Amino acid sequence: MKLPLAALAALLAVPVAAQEPGADPPGSPADLIVHRAKVLTVDARFTVAEAVAVSGGKIVAVGSNADVLKRKGPATRVIDAAGKTVMPGLYDSHTHPTGAAASEAGEPLPLLKSIPEVQAFVRDRAKTTPAGKWIVIRYAFPTRLAEARFPTRAELDAAAPDHPVLYHAGPAGVVNTAGLKASGVTKDTPNPRAGQVVKDPVTGEPTGMLRNAYGVLKGVPGGGENLTAGQKRAALLKLFARYNQLGLTSIADRNAGRGDLDAYLALQRDNALTLRVNVARGFNPIGTRDELARRFDDLPGADGRGGPTGAGDEWVKIGPIKVFLDGGMLNGSAYMREPWPKGPTYQVTDDAYRGLLFIPPEQLKVLAEEAARRKWQLTAHTAGEGAMDVLLDAYEFADRMTPIKDLRFCITHANFPSRNNLERCKRLGVCADVQPAWLWKDGHTLLNVLGPARMRWFQPYKSWLDYTTVGGGSDHMLRFDPLDATNPWHPWLGIWVALTRNLERGGVLEPTEALTREQALRLYTINNAYLHHEERLKGSLEAGKLADLIVIDRDYLTCPVDAVKDTRVLLTVVGGRVVWEAK
Ligand SMILES: [Zn+2]
């Protein structure tokens, strides 16, 4: 929203710092004042103010320079922003920090951009790997290779004839001939539950493509490095510091085990957390109703910090349970309404292949019903449109027993909402966490595979906001670098993609779905707070809220749109404490 100058002046004339219960009494000195700033409060009216004061970790005043400076005492740190923009700290609603931090704690992971680079990497590893031992490349999405397709079994064979090789791209991946042999996978190997050992339609031999079927492989080493607890902790702190540098003050871990939660709690105990973590608890959705009930009962744990939704405090808080409903867009296993077109990108050879659904619809209904009854929020990884149909059916079913609107059930990824599903989300109060960087990185390949008609409804941010609340996230799982990571976690890239819908390999996808500056900022602040029932605590700069704010080097509202992605963060404050300051 751009305000006419007169309206802006009128707004600024009104003292916007309403005193709230819990805030300091007027007159007590602030710990920190940032003044002479352009303060984007991101409140309900998107008020622009001049200054903000912080005391005891909370915001105590937002308003004009003169009003806020009345809070200045002898010990107040006063920062003259010289016209710079101040805004709420950013929130990424989808990260996997413990895995991402561990992924490069040893050595940097290679960034493989083409099939020859994949082959060269495998060849190189083969030199130092004993024959018969696995060579594994993890979370390498074929959409991001120059050839925009999976490597074939033969291409992996050419690189390493004597070593088993797995090119893993999430739930789908390709194994070479030595890998199939070492695992005893043949034309007679049956498909596992909800998975496929893909066979050549002519010869019946396994092609090497496995979809949700890594269980048929023998001897594949686990993904985790052998790190000590101290190394894991140091890596996590390093990652959080990187997050702070780009303005993140809150993140959601979107699939945490108890060990991950304990890692955050340990940092909190030591006063070492530099951002706030909302923790989604990974949940096994398969089993009888009694088994699900026992799993729910076990989640809180002896200390009560593990659940249910909302348990914890402003630093480490429990979010939803998280389940995986279908495969992914970036490896051709998302569960679609229409078949995936045949072709080399995802090695689809079957006319009727629609992707993979991991949870039977009736089972999902039981899970949704039990979650709602126990006041747990629920979110499901839901990549394809067919999976979203199934998920919303289950949410509707649960809603008949226990209304879910206040629980804010969620859809994770939610790539393809149809108009009908948007209406269902509105009726049920269902939210979504979406990943703009996928549009940037993968939109081109997906457009080639699915065509423009099907891609019309790929991540339609504007339409989403007409119906319900969606928040921006990265799905960061590997590597530290904000742009080279899988997936890129650079929040300013995400904001810029929401503004432009630009594709990395050229072109724009459905520009009518682009957001305004105000909407894109909400996507990474207050909307994510809302997704996690935290909008009273954070997501905007208002008296009484947590003092999580950033100062940036450019005018977010008026700079050229392409300058948004290069935004530099000069200062990051979490709970009133400076956690990053550009030198
Ligand atoms: Zn994820």
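How much space lies in the second largest pocket? I should like to open with that question, and I should say at once that the model before us is predicted. The second largest pocket holds about 230 Å³ of space. Its lining is made up of 14 residues, and those closest to the centre are T98, K232, R233, L236 and A263. Three elements each give two or more residues to this lining, namely α3 (97-103), α7 (229-245) and α8 (258-269). Of these, α8 gives the most, with six residues. By class, the lining of this pocket comprises eight nonpolar, two polar and four charged residues.

Let me stay for a moment with one residue of that lining. R233 is located in helix α7. Is R233 buried, partly exposed or exposed? Its relative accessible area is 32%, and R233 is therefore classed as partly exposed, since that class lies between the limits of 20% and 50%. Along the chain, R233 and N487 are 254 residues apart, and in space their C-alpha atoms are separated by 22 Å.

I turn now to the metal site. Which protein residues are the donors of the zinc ion? They are H94 and H96, each through NE2, and D475, through OD, and they lie 2.1 Å from the ion. Along the chain these donors follow the spacing H-x1-H-x378-D. Both H94 and H96 are buried.

Next, the parallel sheet. Eight strands form this open sheet, and their order is β8-β14-β15-β16-β17-β18-β19-β20, with parallel pairing. At the edges stand β8 (90-95) and β20 (470-472), each of which pairs on one side only. From one strand to the next, the twist averages 25 degrees. The residue range of β8 includes H94, one of the zinc donors.

Two pairings within this sheet deserve mention. β8 pairs with strand β14 (residues 248-256) in the parallel sense, over four bridges, and within that pairing L90 has L248 of β14 as its bridge partner. Further along the sheet, strand β18 (residues 410-413) and β19 are joined by three bridges, also in the parallel sense. There, T412 has D433 of β19 as its bridge partner.

How are the side chains of β19 arranged? In a regular strand, side chains alternate between the two faces of the sheet. In strand β19 (residues 431-434), C431 and D433 point one way, A432 and V434 point the other way, and all are buried.

The strands β8 and β14 also bring us to the internal space of the model. How many cavities of 30 Å³ or more does the structure hold? There are two. The largest cavity has a volume of about 70 Å³. It is lined by 13 residues, of which G89, T249, K538, G539 and D548 are the closest to its centre. The elements giving two or more residues to this lining are β8 and β14, the pair joined by four parallel bridges. The lining of the largest cavity divides into five nonpolar, six polar and two charged residues.

Finally, I come to the mixed sheet. This is an open sheet of five strands in the order β9-β10-β11-β13-β12, and its pairing is mixed. β9 and β12 (196-199) are the edge strands; each has a single partner strand, so one side of each is left without a neighbour in the sheet. The twist in this sheet averages 20 degrees from one strand to the next.

The mixed character can be followed in two of its pairings. Strand β9 (residues 135-137) pairs with β10 in the parallel sense over three bridges, and I135 has V165 of β10 as its bridge partner. By contrast, β12 and strand β13 (residues 206-211) pair in the antiparallel sense, over three bridges, with L210 of β13 as the bridge partner of V197.

Why is strand β10 described as largely enclosed by the rest of the structure? The reason is that five of the five residues of β10 (residues 165-169) are buried, where buried means under 20% relative accessible area. Both faces of the strand are covered: V165, Y167 and A169 lie on one side, L166 and H168 on the other.

To close, I return to the two sites with which I began: the second largest pocket, where α8 gives the most to the lining, and the zinc ion, with H94, H96 and D475 as its protein donors.

How values were computed: Residues numbered from 1 in each chain as written. Predicted model: local features only at pLDDT ≥ 70, side-chain atom pairs only at ≥ 80, totals over all residues. Heavy atoms only, no water. Donors = N, O, S within 2.8 Å, 3.2 Å for Na, K, Ca; no water. Buried < 20%, exposed > 50% of the residue type's maximum accessible area, 1.4 Å probe, protein only. 1 Å grid on protein atoms, 1.4 Å probe; cavity = no way out; pocket = protein on both sides within 12 Å on 5 of 7 lines; lining within 4 Å. Points joined across faces, edges and corners; volume = space filled by probe spheres on them. Nonpolar A, V, L, I, M, F, W, Y, C, P; charged D, E, K, R; others polar. Pairing = 2+ DSSP bridges. Axes fitted to C-alpha atoms, helices over the stretch in contact; angles between N-to-C directions.
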